Amino acid sequence: MKANIGINKSDSAKIVEILSHYLADSYYLYLKTHNFHWNVTGMYFENLHKLFDTQYNALFDSLDEIAERIRSLGEFVPATYSQLKELTCLKETKEVPKDREMIKILLEDHETIIRNLRSWIEETNKAGDAGTSDFLTARIEEHEKTAWMLRSHFD
Ligand SMILES: [Fe+2]
């Protein structure tokens, strides 16, 4: 049965496209953060291993919220590796970077997501989708806080 929630078909399609892109970016950043949790080395191993643990878990939890927001709009979730690869604008990190470089890479990815979210919120507002706007606004605050934590490793 189709969702009859007062959002027209083309706006709904646009919002699902936004949420799908956000899901893919979040999935990529989740995996990258988990990867760095496993592979970080150096003097600050313990701190960074724990910090990345907190961050990958938070990102993992967000995946379910993003996906279920898509379902609430009445669409199916793109949830295969090939679909996510197609949708994301983030780049994989193939090698194992030094610890400082890991922090920088994660920071840049969060900042990319923050900039995307800022323009996506404008679009969801225009479409009158208060639920998604509210959800993405809460998410932007979360990414901004994480970005601050990462950025604070640098003077
Ligand atoms: Fe672990």
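Helices and strands are taken here as DSSP runs, of at least four residues for a helix and at least two for a strand, and are numbered from the N terminus. With that in hand, the predicted model can be read along its annotated region. The UniProt annotation "domain: Ferritin/DPS", from an unreviewed entry, spans residues 17-154. Over these residues the chain is 78% helix and 0% strand. The C-alpha atoms at the two ends of this stretch lie 35 Å apart.

A good place to start is the pairing of α1 with α2. Helix α1 covers residues 9-39 and helix α2 covers residues 45-72. The two pack at an angle of about 160°, and their axes are 8 Å apart. Because angles over 145 degrees count as roughly antiparallel, α1 is roughly antiparallel to α2. The crossing in which α1 passes α2 is left-handed. Sorted by class, the residues in the contact of α1 with α2 are 16 nonpolar, eight polar and two charged.

Between these two helices runs a loop, and M43 is found in the loop between α1 and α2. Is this residue buried or exposed? M43 has 8 C-beta neighbours inside 10 Å, and so it counts as exposed, the cut-off for that class being 12 or fewer. A second view of M43 comes from its distance to S20: the two are 23 residues apart along the chain, and their C-alpha atoms are separated by 38 Å.

The pairing of α4 with α5 can be described in similar terms. Helix α4 takes in residues 99-126, and helix α5 takes in residues 130-151. Their packing angle is about 160°, with 9 Å between the axes. The helices α4 and α5 are therefore roughly antiparallel to each other, and they cross in a left-handed manner. In the contact of α4 with α5, 12 residues are nonpolar, eight are polar and five are charged.

What, then, do these helices contribute to the interior? The largest nonpolar core has 28 residues, and the members that touch the most other members are L19, Y22, L23 and F52. Each of α1, α2, α4 and α5 supplies at least two residues of this core. Which helix gives the most to this core? That helix is α1, with 11 residues. Helix α1 thus appears twice in this account, as the partner of α2 in a left-handed crossing and as the helix that gives the most to the core.

Notes. Residues numbered from 1 in each chain as written. Predicted model: local features only at pLDDT ≥ 70, side-chain atom pairs only at ≥ 80, totals over all residues. Axes fitted to C-alpha atoms, helices over the stretch in contact; angles between N-to-C directions. Parallel < 35°, antiparallel > 145°, perpendicular 65-115°, else oblique. Left-handed = near helix turned anticlockwise from the far one by under 90°. Nonpolar A, V, L, I, M, F, W, Y, C, P; charged D, E, K, R; others polar. UniProt positions renumbered as here; feature names shortened; annotations may be inferred. Buried ≥ 20, exposed ≤ 12 C-beta atoms within 10 Å, placed from the backbone. Core = buried A, V, L, I, M, F, W, Y, C linked by C-beta atoms within 7 Å.
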